[in-house]
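Trainee: I've got a structure open and I'd like to learn how to read it. Can we walk through it together?

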Amino acid sequence: MQSDQELILQFQKSIKREETFTQLVKKHQAKVYHQIKRMVNDHEDADDIAQMVWIKIWNKLDGFKMESEFSTWLFRIAYNETLNFIAKQKRQGSNTSSTDILDYENTPSHTDAPKSSEIQIKLDQGIKQLPEKQQFVFMLRYFEELNYEKIASITGTTVGGAKANYHQAIKKLEEFLKKN
Amino acid sequence: MEQKKIDTTLEDDQLMVERLFSKEALANYDMSASSVPASYFETFPEKLQNRIANNKPKIFFLTPIGKMAIAAAFILVVASTFIFLNSSTDNNLELSTITINDISNDEIEAYVDANEWMAEIDWQSEAFKPDTEAEQFYKDSID
């Protein structure tokens, strides 16, 4: 499999652009989608945001100078698009906000997933009451297992700031558990 | 070495969460939170390419004949404007050089007849206008 750098160079040289881009999408689509879905919960919304993210990548890939990793840049766009979407939803007072509890039992591709338990609902509620930035940092650190340097680049903060966000998130989760 | 340090920190960070919630609960949460409908990722790249194709701005590249046609039309517009402006300037010049000798007597008579009463009013107003200078002189001479 070709590296990101090779694929991007091919794209920039206009060598089979569509094909090259599709290879990039196939390589990274799952991680981007999962991260967005964790934030917005709804598949349709996550799909729409993911498409917007990739369209932005398509439009800006010619100017990408490879000063950072492609995946960092991709996650940064996903982060911005997701936050924009959530802010827009809040302004419109949408009912399908990210504060909804996940439907553990009726998830399409995981009908055999374990049934919801009290702790899972609490975990979901606890995560949803976090500020969006802390949620994003928490997901990137715990589930995606990214290092703080990368998280800092994605969220446009310092390494110290990213660490502080993660630890604040855990503190708030702990407080939430004590209260509930 | 650095990688090991980062990994250790990651483990510590993950343990902090796992002390609050069980590892299983966290795994189940993520399974539900990031779940995907069947065959979503197989169809996504194609769906994306279609959307990109529909979003592409349409650029029309002109053929050499088209470019020449546009250039000819532009030159025609500029030339027409130039000719029009010049011809209207010539007309003004013609008007300005007409002398009294160029106007026929009939035309002059018709103009005078039409404006005779206006001329009369003008003459009378001039004739009976009080001569302030003369009056002042008269006053001064009496004093």
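Mentor: Sure. Keep in mind that this is a predicted model. Let's start where the chains meet: 38 residues of chain A are in contact with 30 residues of chain B.

Trainee: Which elements of chain A give two or more residues to the side that touches chain B?

Mentor: You'll find helix 2, helix 3 (43-60), helix 5 (118-128), helix 6 (132-142) and helix 8 (159-179) of chain A there. Helix 2 of chain A brings the largest share, 10 residues.

Trainee: And how do the residues on that side of chain A divide into nonpolar, polar and charged?

Mentor: The split is 19 nonpolar, 11 polar and eight charged.

Trainee: Back to helix 2 of chain A, then. Where does this helix bend?

Mentor: Helix 2 covers residues 17-40 of chain A, and the bend, about 50°, sits at H28(A). Now look just past the end of the helix: N41(A) has a positive phi of about 70°.

Trainee: Let's try a single residue. Is K122(A) buried, exposed or partly exposed?

Mentor: Count the neighbours. With 20 or more other C-beta atoms within 10 Å a residue is buried, and with 12 or fewer exposed. K122(A) has 17, so this residue comes out as partly exposed. You'll find K122(A) in helix 5 of chain A.

Trainee: Which residues does K122(A) touch, leaving out those up to four places away in sequence?

Mentor: K122(A) touches L177(A) and N180(A). Check L173(A) too: 51 residues separate K122(A) and L173(A) in sequence, yet their C-alpha atoms are 9.3 Å apart in space.

Key:
Residues are numbered from 1 along each chain as its sequence is written. Chains are lettered from A and ligands numbered from 1 in the order in which they are written. This is a predicted model: local features need pLDDT of at least 70, side-chain atom pairs count only at pLDDT 80 or more; totals for chains, interfaces and linings use all residues. The bend at a residue is the angle between axes fitted to the seven residues ending there and the seven starting there. Helices (H or I, at least four residues) and strands (E, at least two) are DSSP runs, numbered from the N terminus. Two residues are in contact if their C-beta atoms, placed from the backbone, lie within 7 Å. Ala, Val, Leu, Ile, Met, Phe, Trp, Tyr, Cys and Pro count as nonpolar, Asp, Glu, Lys and Arg as charged, and the others, Gly among them, as polar.
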